[in-house]
Amino acid sequence: MNAQVLGEHEFGYNDHDFEQVRERLYRRAGISLAASKQQMVYSRLARRLRQLELRTFSAYLAYLDQHPEEWQPFINALTTNITAFFRERHHFDQLVALAREPQRRGRPLRFWSAASSTGEEPYSMAIALHQALGERAQGIQIIASDIDTGVLETARRGVYPLERLAQLDPALRKRYFQRGTGSNAGLARVVPELRQMVEFRRINLLDKDWRLSGGLEAIFCRNVMIYFDKPTQVRLLERMVRLLRPDGLFFAGHSESFVQANHVVKLVSRTVYQPVPGASI
Ligand SMILES: C[S@@+](CC[C@H](N)C(=O)[O-])C[C@H]1O[C@@H](n2cnc3c(N)ncnc32)[C@H](O)[C@@H]1O
């Protein structure tokens, strides 16, 4: 392995260090980093090295191996958390159509946002469902999970800069957010009615047991599978579909495709899948 230092850096960093980071991230989180992400790894972890007063990546890797509590900051630094309210709007229209189906009346409805990042996705689900079902939405449970504890903290707080809400319909913004005043000017908080519909948990999708019971109406698993290799994707898809009701839906990210996994799911509309008979509970 060429141990040449990669560019001019504050911290010692070489090809071998990058490979070591890559290997650990894959093993812990299933994330396959492309070989082109050397610079990204450096800039994402540099702050952590500075905080720990370490001079080289190899010292950081040794620290990581000796301090299990460092795994979480390591993972938090390396995940990509881009998200937005009502990303892929058509998914939310379909979610509403599903929730209104007559067979779902009169029973508690449960949903899962499986890589919820900073909360925009599960809160968009809550807004869409609340708007469509009114008081009935109070019985809805949305489990929202992520591997990254930093984004989960932001999601639980439910406070966003107003710019994040700019794309939202003004009527929705008014109904479902409280504008901050004084030192909170420029921020808005999700209303309690919505926050009580969403339960945030840390779940690593690689975990053997997600501690989730089946009977879910829909799973949003968007823009996370792209970080996993194909065998991991298919394994996770099989496990998720088992948690869905037979008439439930699986929502994928805009660049994710599971048409090859036709033993588990069938494509019903753009990036939306239904379990094939026998694949769900
Ligand atoms: C790009 S965001 C997607 C957010 C949202 N689903 C959306 O589509 O807007 C990807 C999220 O997947 C999470 N993630 C990555 N690996 C994970 C794993 N092994 N288990 C659970 N979440 C993971 C990241 O922390 C990140 O918040």
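**Exercise 1. A positive phi, twice**

In which loop is Glu53 found? Compare Glu53 with Thr271 in this predicted model.

*Solution.*
Step 1. Place the residues. Glu53 is found in the loop between helix 2 and helix 3. Thr271 is found in the loop between strand 9 (265-269) and strand 10.

Step 2. Recall the background. Most residues other than glycine have a negative phi.

Step 3. Read the angles. Glu53 is not a glycine, yet its phi is positive, about 55 degrees. Thr271 is not a glycine either, and its phi is about 60 degrees.

Step 4. Check the cover. The cut-offs are under 20% for buried and over 50% for exposed. Glu53 has a relative accessible area of 69%, so Glu53 is exposed. Thr271 has 10%, so Thr271 is buried.

**Exercise 2. The cover of helix 4**

How many of the 8 residues of helix 4 are buried? Name them, then find what covers them.

*Solution.*
Step 1. Count. Helix 4 spans residues 71-78, and 6 of its 8 residues are buried. The helix is mostly covered.

Step 2. Name. The buried residues are Trp71, Gln72, Phe74, Ile75, Ala77 and Leu78.

Step 3. Look at the spacing. An α-helix has 3.6 residues a turn, so residues three or four places apart point the same way. Trace Trp71, Phe74, Ile75 and Leu78 on the structure with that in mind; they are among the buried residues.

Step 4. Find the cover. Four helices are listed below with one strand, as part of what covers these residues:
- helix 1 (15-29) and helix 2 (38-52)
- helix 3 (57-66) and helix 7 (149-157)
- strand 6 (198-202)

**Exercise 3. The cover of helix 5**

Which residues of helix 5 are buried? Find what covers them.

*Solution.*
Step 1. Helix 5 runs over residues 89-99. Its buried residues are His90, His91, Phe92, Leu95, Val96, Leu98 and Ala99.

Step 2. The cover includes helix 6 and strand 1 (110-113). It also includes strand 7 (216-221), strand 8 (244-252) and strand 10 (272-275).

**Exercise 4. Around the ligand**

Which residues come nearest to the ligand? Work from the pocket to the individual atoms.

*Solution.*
Step 1. Find the pocket. The ligand takes the space of the largest pocket.

Step 2. List the neighbours. There are 22 residues around the ligand. Those that come nearest are Thr83, Arg87, Ala115, Asp146 and Asn223.

Step 3. Pair the atoms.

| Residue | Protein atom | Ligand atom | Distance |
|---|---|---|---|
| Thr83 | polar side-chain atom | oxygen | 2.6 Å |
| Asn223 | polar side-chain atom | oxygen | 2.7 Å |
| Arg222 | backbone N or O atom | nitrogen | 2.9 Å |

Step 4. Gauge the cover. Alone, the ligand exposes 600 Å², and the protein buries 99% of that.

**Exercise 5. From Thr83 to Glu121**

Is Thr83 buried or exposed? Follow its contacts to Glu121, then onward.

*Solution.*
Step 1. Place Thr83. Thr83 sits in the loop between helix 4 and helix 5. Thr83 is buried because its relative accessible area is 12%.

Step 2. List its contacts. Leaving aside neighbours within four places in sequence, Thr83 is in contact with Ser117, Thr118, Glu120, Glu121 and Arg164.

Step 3. Move to Glu121. Glu121 is found in helix 6 (residues 120-133). At 5% relative accessibility, Glu121 is buried too.

Step 4. List the contacts of Glu121. Not counting residues up to four places away, Glu121 touches Thr83, Phe92, Ser113, Ala115, Phe220 and Arg222.

Step 5. Pick out the polar pair. The side chains of Glu121 and Arg222 make a polar contact at 2.8 Å. Arg222 also has a backbone N or O atom 2.9 Å from a ligand nitrogen.

**Exercise 6. Sequence distance and space**

How far apart in space are Gln39 and Leu237? Do the same for Arg136 and Gly106.

*Solution.*
Step 1. Gln39 and Leu237 are 198 residues apart in sequence, and their C-alpha atoms are 31 Å apart.

Step 2. Describe Gln39. Gln39 is in helix 2 and is partly exposed at 46%. Its side chain makes a polar contact with the side chain of His9 (3.5 Å).

Step 3. Arg136 and Gly106 are 30 residues apart along the chain, with 8.8 Å between C-alpha atoms.

Step 4. Describe Arg136. Arg136 lies in the loop between helix 6 and strand 2 (141-146). At 32%, Arg136 counts as partly exposed. Leaving aside neighbours within four places, Arg136 is in contact with Ala99, Arg104, Arg105 and Leu109.

Definitions and conventions: Residues numbered from 1 in each chain as written. Predicted model: local features only at pLDDT ≥ 70, side-chain atom pairs only at ≥ 80, totals over all residues. Heavy atoms only, no water. Buried < 20%, exposed > 50% of the residue type's maximum accessible area, 1.4 Å probe, protein only. Helix = DSSP H or I, 4+ residues; strand = E, 2+ residues; numbered from the N terminus. Contact = heavy atoms within 4.5 Å. Near = heavy atom within 4 Å. Polar contact = N/O pair within 3.5 Å; in protein donor to acceptor, adjacent residues only side chain to side chain. Areas by Shrake-Rupley, 256 points an atom, 1.4 Å probe, with all protein chains shown as cover. 1 Å grid on protein atoms, 1.4 Å probe; cavity = no way out; pocket = protein on both sides within 12 Å on 5 of 7 lines; lining within 4 Å. Sits in = over half its atoms within 2 Å of the grid points.
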